[in-house]
Amino acid sequence: MAANKPFNLEQFVRILLAETLFYDDEYGAIGSLSLIDTQKKRERFIASFMPEDGAFVIEEATAWEKDGEGEEAIGYELAVDSKENASFNSPEEAAGTLLKLAKRHNLLPGITILFEEDEIT
């Protein structure tokens, strides 16, 4: 009986990040992953699939809206403007870069489901 390989946390995280960057053509659903700066309490990077380009894009936030109050508050400011940081052909490539960005800048993830008719940042 072959010995099992030890659990690889980094591989697990990369796969999880890649799986969040899904695109469902039938429903127009797009998985979006934000990397959040918890010190400044705002989105720093946003990644998603761009159907019109057929690419997985990571954008760096350049402007933010103030977080709402009460029940609508999410705890951090959402990006309202951004610039493209990188573009990839596969979610696995994007996931590797997201993991590097999260480690380098000490960022935490946030996941959102968008729909094509919604404006994608």
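**Exercise 1. Decide whether Phe 56 is buried or exposed, and describe its surroundings in this predicted model.**

Solution. Phe 56 has a relative accessibility of 10%, and because buried means under 20% relative accessible area, Phe 56 counts as buried. The next step is to place the residue in the fold, and Phe 56 turns out to lie in strand E4, which spans residues 55–64. One then sets aside the neighbours within four places in sequence and asks what remains in contact with Phe 56; the partners are Leu 21, Ser 48, Phe 49, Ala 86, Ser 87, Phe 88, Asn 89, Ser 90, Pro 91 and Ala 94. One of these partners, Ala 86, can be followed further, since Phe 56 and Ala 86 are 30 residues apart in sequence and yet 8.5 Å apart in space, taken from C-alpha to C-alpha.

**Exercise 2. Work out what span helix H2 has, which of its residues are buried, and what covers them.**

Solution. Helix H2 contains 15 residues, and the distance from its first C-alpha to its last is 21 Å, which is close to the 21 Å expected at 1.5 Å a residue. Its buried residues are Pro 91, Ala 94, Ala 95, Gly 96, Leu 98, Leu 99, Leu 101 and Ala 102, and two of the names, Pro 91 and Ala 94, were already met among the contacts of Phe 56. The cover over the buried residues of H2 includes H1, E2, E3, strand E4 (55–64) and strand E5 (79–88).

**Exercise 3. Find where Lys 41 and Asn 106 lie, and state what phi each has.**

Solution. Most residues other than glycine have a negative phi. Lys 41, however, has a positive phi near 55°, and its place is in the loop that runs between strand E2 (29–37) and strand E3 (42–50). Asn 106 likewise has a positive phi, near 55°; it follows H2 and is found in the loop between helix H2 (91–105) and strand E6 (108–115). As a last step, the relative accessible area of Asn 106 is 63%, and because exposed means over 50%, Asn 106 is exposed.

**Exercise 4. Identify which residues form a nonpolar patch on the surface with Phe 7, and place Phe 7 in the chain.**

Solution. Phe 7 is joined by Leu 9, Phe 12 and Leu 16 in a nonpolar surface patch, and together the four residues have about 470 Å² of accessible area. Phe 7 lies in the segment before helix H1 (9–20), and with a relative accessible area of 63% Phe 7 is exposed.

How values were computed: Residues numbered from 1 in each chain as written. Predicted model: local features only at pLDDT ≥ 70, side-chain atom pairs only at ≥ 80, totals over all residues. Heavy atoms only, no water. Helix = DSSP H or I, 4+ residues; strand = E, 2+ residues; numbered from the N terminus. Buried < 20%, exposed > 50% of the residue type's maximum accessible area, 1.4 Å probe, protein only. Patch = residues over 30% accessible without salt bridge, like charges linked within 9 Å, V, L, I, M, F, W, Y side chains within 5 Å. Areas by Shrake-Rupley, 256 points an atom, 1.4 Å probe, with all protein chains shown as cover. Salt bridge = Lys/Arg side-chain N within 4 Å of Asp/Glu carboxyl O. Expected span 1.5 Å × (residues − 1). Contact = heavy atoms within 4.5 Å.
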